[in-house]
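Hello,

Here is the structure I promised to pass on to you. Have a look at it first, and then read my notes below.

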Amino acid sequence: MARAVAKQEKSEHVPAAVRVRAAEAADLPAIVALDQRITGVAKAGYWQWALEHYAAGPPERTFLIAESADGVLAGFIIGEVRAWEFGAPPAGWVFAVQVDQTRRLGGVGTRLFDTLCARFRAAGVDRVRTLVDRRDHLILSFFRSQGMTAGPSLQLDLELTQDRP
């Protein structure tokens, strides 16, 4: 019941004027600029790699762009279908999502997420997963609003120190 209500609330905010399409090499400057506005760090090399790896990669990898009718970048999402370690079945994984701060709460992220999920379903998987920092309340809220909850895996972490090889 709660999942149906969440889905109903999501659909009320989907913007009609935003078009979702596959990312292209020409999108790099806008992607770098959007990410820099949000994170405060310019990572042109990383985004170049991401475009080459996900947009120009095999079909199980996806890099999507949301843009306004006049071609202005509104946001992007990156994901891929993969089998996770230790024998887990294939699932769709979301690796990055960014939405221009002026367009948040307007349905851009939902539109990107739904489009990525449709691609995952078309690839034959029935699960979507991601990893988030539990202190990042904005991204946690976004994924929870999409119906995501804690999954069966437990992330383990180890800080590497100088006394460890």
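Strand β3 is largely enclosed by the rest of the structure, because nine of its eleven residues are buried. Buried here means under 20% relative accessible area, with exposed set at over 50% and partly exposed in between, using a 1.4 Å probe and protein chains only. Strands are DSSP runs of E with at least two residues, helices are DSSP runs of H or I with at least four, and both are numbered from the N terminus.

Before going on, please keep in mind that this is a predicted model, in which local features need pLDDT of at least 70 and side-chain atom pairs count only at pLDDT 80 or more, while totals for chains, interfaces and linings use all residues. Residues are numbered from 1 along each chain as its sequence is written, and side-chain values use heavy atoms, with hydrogens and water left out.

Now for the overall layout. The protein has five helices and five strands, and from the N terminus on its elements run α-β-α-α-β-β-β-α-β-α. Of the 165 residues in the protein, 35% are buried. The accessible surface comes to about 10,600 Å², and 55% of it belongs to carbon and sulfur atoms; such areas come from the Shrake-Rupley method with a 1.4 Å probe, and for residues only the protein chains shown count as cover. If we take contacts (heavy atoms within 4.5 Å) between residues at least 6 apart in sequence, 59% of them join residues at least 24 apart.

The sheet

How are the strands ordered in the sheet? The five strands form an open sheet in the order β1-β2-β3-β4-β5, with mixed pairing. β1 (19-22) and β5 (128-129) stand at the edges with a single partner strand each, so one side of each has no neighbour in the sheet. Two strands are said to pair if DSSP finds at least two bridges between them.

Starting from the β1 edge, β1 and β2 (residues 61-67) pair in the antiparallel sense over four bridges, and Val20 stands opposite Ala66 in β2. Next, β2 and β3 run antiparallel and are joined by seven bridges. These two strands form a hairpin with five residues between them, and Gly71 in the turn has a positive phi of about 85 degrees. On the other side, nine bridges join β3 to β4, again antiparallel, and the bridge partner of Gly75 in β4 is Val99. β3 and β4 also form a hairpin, with six residues between them, where Phe86 in the turn has a positive phi of about 65 degrees.

One residue of β3 that you may like to look up is Glu80. Is Glu80 buried or exposed? At 9% relative accessibility, Glu80 counts as buried. Its bridge partner is Arg61. Leaving aside neighbours within four places in sequence, Glu80 has contacts that include Tyr54, Trp93, Phe95 and Phe120.

Helix α4 and the cores

Helix α4 (residues 108-122) has 15 residues, which at 1.5 Å a residue should span 21 Å, and its end C-alpha atoms are indeed 21 Å apart. The expected span is 1.5 Å times one less than the number of residues. Among the buried residues of α4 are Val108, Leu112, Phe113 and Leu116. After α4 comes Gly124, whose phi is positive, near 95 degrees.

Which residues have the most contacts inside the largest nonpolar core? They are Ile77, Val94, Val108, Phe113 and Phe143, in a core of 20 residues. A nonpolar core is a set of buried Ala, Val, Leu, Ile, Met, Phe, Trp, Tyr and Cys residues joined through side-chain atoms within 4.5 Å. β2, β3, β4, α4 and α5 (137-145) each supply at least two residues of this core, and the largest share, six residues, comes from α4. Apart from this core lies another, of 15 residues, among them Leu34, Trp47, Phe76 and Ala96.

A residue in a helix

Finally, Arg37 lies in helix α2 (residues 28-39) and counts as partly exposed, at 48% relative accessibility. Not counting residues up to four places away in sequence, Arg37 touches Asp100 and Gln101. Arg37 and Gln101 are 64 residues apart in sequence, and their C-alpha atoms are 8.8 Å apart in space.

Best wishes
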